[in-house]
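This report concerns the interior of a protein model, with attention to its nonpolar cores and its enclosed cavities.

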Amino acid sequence: MVTLDRLVIISTTLFTAAALLVLVSISTPRWILSINQGETSLGLIEMCITSSLNEQKCFIPHQIRFVWVLSFGLAVGALGLLTLTIVFFLSSQFIQRSTIEYGRLTGFVAMIFLCLSTVLFPMGFDSEIIGGSPFQLPNDYRIGSSYIAFVGATWLTILIMAVDLKTARRTLPAPMLDRSTYSIFSVIKQAIGKDLTKFSIPVVWNEPLSFIQRVAECLEYSSLLDRAASIEASIDRWHFLTAFVVSTLSNHLERMSKPFNPLLGETYELKMEGDAPFHYIAEQVCHHPPVSAVFVRGQNWTLSANIEPKIKFHGTNVVAVSEGRWILRIKKKQVISRSGSQSSFQSCTEEETEQSNNSIVDDDGDDEYTWKTPSVLVHNILFGRLWCEFQGQIDLIHAQSNQRSILTIKSHSWFASQSTKTADMFKYTGFIYDDKTKISAFHGNYGHCYYAIDDLKDVQTKSTRLCSAGGHNCIQISSNANVSNPCDLILTPSSRSIWYRSLSSMTDQEFELRSQYYHFTPFAYCLNQQVSSLVLPPTDSRHRQDMQYLEKGDIDGASQAKHRLEEQQRSEARQREDEFQPLWFRKNENGEYMYTHDYEQRRFDQCPKLFTQSSRE
């Protein structure tokens, strides 16, 4: 069953009220009233006279002002546009393609028409019929109820348009489907020892996000990068950077659904404002092997990556490995701009302008940090409850020095005691090195928190304190999937909290329902939300019909759309004679795809209509 968006329904109701007020206003000639030997009432193009015997005669006067005729035409046009707006808003809740953007456009034009009509009407008060002057009625005339209702409709429309209808949504249109009647074994039994990225998984096991949207979730705690970039290179910067890498792991532990494979040439753009702004751009640059290229610009830092996921099935487990590396570049010192009031954040579109306007630029280049994402092991694919853990090490390297941060993840062992398994679950430890010398340490739970250890002597010293950070720990393996267990990390005497995972913006009810909505966080809910503030190319993931169907709970529609897109992609691959060339990334001499900055020109006319029946037409 489709769940209607509450904000859209409220907005539709208000637009309907405005349309009814306009309809009543233009159909009732009571814009101006006069009580003098009976009542005379005037509308925009109609005049009515009521005699002392209460007999009313209505007619269209010959001496009607042109501005009133124009005002009437604008009012009728506004009524039609408001009706169209209501249709667009309602249809967005029942069809696979969002039409809210069209509704906002028609609503905006209707608002302009209503404002013009409201202002033009008083200009006709100098009509010979009433003998006034522009914007000034004679003493024996007064404003009628029809004009008051019309002004009310105008202000109501202005109020609706002033509210951003695309504020962050709090849920999805429909909950995920019950998977208890579906067998994943029938799908993956053919994939033992093979790469699962080459197999088509039934849509019921997907979540309504594309892989390049899922990658954007790594930026949920991008404020850690802002804090790292705001301080000089020091141990605290290393802690903020390592905490950010840990935060990118925390989003995956509860998410046992597979994102949709991006089509070749599929793109995704996410622009976040506020306290931690960033501009994220991604493109699927290769299909076999699948490679996603990413570029992000934040406050005094950029982040780029080439991500090549590989998924293999081994017995009852699935191993996911992400080839490629992340590259973070931080400006070595704050660039001084000629404009002292200019924000420190530049979106991608402002990069070239910034370079030309800066008066002082550090010539020594940027601080560069690189790392690779560890592998993920998913347990109980065939039997039992699904859960996953990360394995291995993360080596965060500073290219301009011998310093590095090495994080070691404690892996689950079947031969360990139950108490050891519980104590080590999702835990990690690590050190920050200057060459081979340890200069700091840290530990934590990668599903919840990161603690710096300020005194190296405390690394092996355990206190009686447990993790005191707030927020929400990842859901543990328990009978109740909606319970966030307290973090059981044992602290050292000098442990200092740097980061913890928080879902504080969710209400208790929203938190309890997370398991019905793919365990999405508030950040994840917004990733596939339709936007009106950006002009997006037709290749953007938000235009995928299969994900839109799945969001609305239509499994049959999602399956059909997914199958059509997969067949379309196979057909185009057979017809392609030359190697595919991405639009926004180019391969360098090292074989890595680098961002070209052409996307900011926003010239999307040549982009293929990737998700239509024939994408290359």
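The text below treats the cores and then the cavities of this predicted model.

**Nonpolar cores**

The largest nonpolar core holds 83 residues, of which Tyr280, Trp301, Leu303, Leu328, Trp371 and Tyr446 touch the most other members. Helix α8 (residues 235-250) supplies the largest share of this core, namely eight residues. Separate from it is a second core of 35 residues, with Ala18, Ile26, Trp68 and Phe150 among them. In soluble globular proteins, nonpolar side chains tend to be buried together.

| Core | Residues | Members include |
|---|---|---|
| Largest | 83 residues | Tyr280, Trp301, Leu303, Leu328, Trp371, Tyr446 |
| Second | 35 residues | Ala18, Ile26, Trp68, Phe150 |

The surroundings of Leu328 can be given in full. When residues up to four places away in sequence are not counted, Leu328 touches Leu225, Leu241, Trp301, Thr302, Leu303, Asp367, Glu368, Tyr369 and Trp371.

**Cavities**

Two cavities of 30 Å³ or more are found when the whole structure is searched. The largest cavity contains about 50 Å³ of space. Its lining consists of Val294, Ser304, Ala305, Asn306, Arg325, Ile327, Glu592, Tyr593 and Met594. Two or more lining residues come from each of the elements β11 (301-314) and β26 (593-595), and β11 contributes the most, with three residues. By character, the lining of the largest cavity comprises five nonpolar, two polar and two charged residues.

Note on methods
Residues are numbered from 1 along each chain as its sequence is written. This is a predicted model: local features need pLDDT of at least 70, side-chain atom pairs count only at pLDDT 80 or more; totals for chains, interfaces and linings use all residues. Side-chain values use heavy atoms; hydrogens and water are left out. A nonpolar core is a set of buried Ala, Val, Leu, Ile, Met, Phe, Trp, Tyr and Cys residues joined through side-chain atoms within 4.5 Å. Buried means under 20% relative accessible area, exposed over 50%, partly exposed in between (1.4 Å probe, protein chains only). Helices (H or I, at least four residues) and strands (E, at least two) are DSSP runs, numbered from the N terminus. Contact means heavy atoms within 4.5 Å. On a 1 Å grid over the protein atoms alone, a cavity is a set of points where a 1.4 Å probe fits but cannot get out, and a pocket is an open set with protein on both sides within 12 Å along at least five of seven lines; lining residues have an atom within 4 Å of a point. Grid points are joined across faces, edges and corners, and a volume is the space filled by probe spheres set on the points. Ala, Val, Leu, Ile, Met, Phe, Trp, Tyr, Cys and Pro count as nonpolar, Asp, Glu, Lys and Arg as charged, and the others, Gly among them, as polar.
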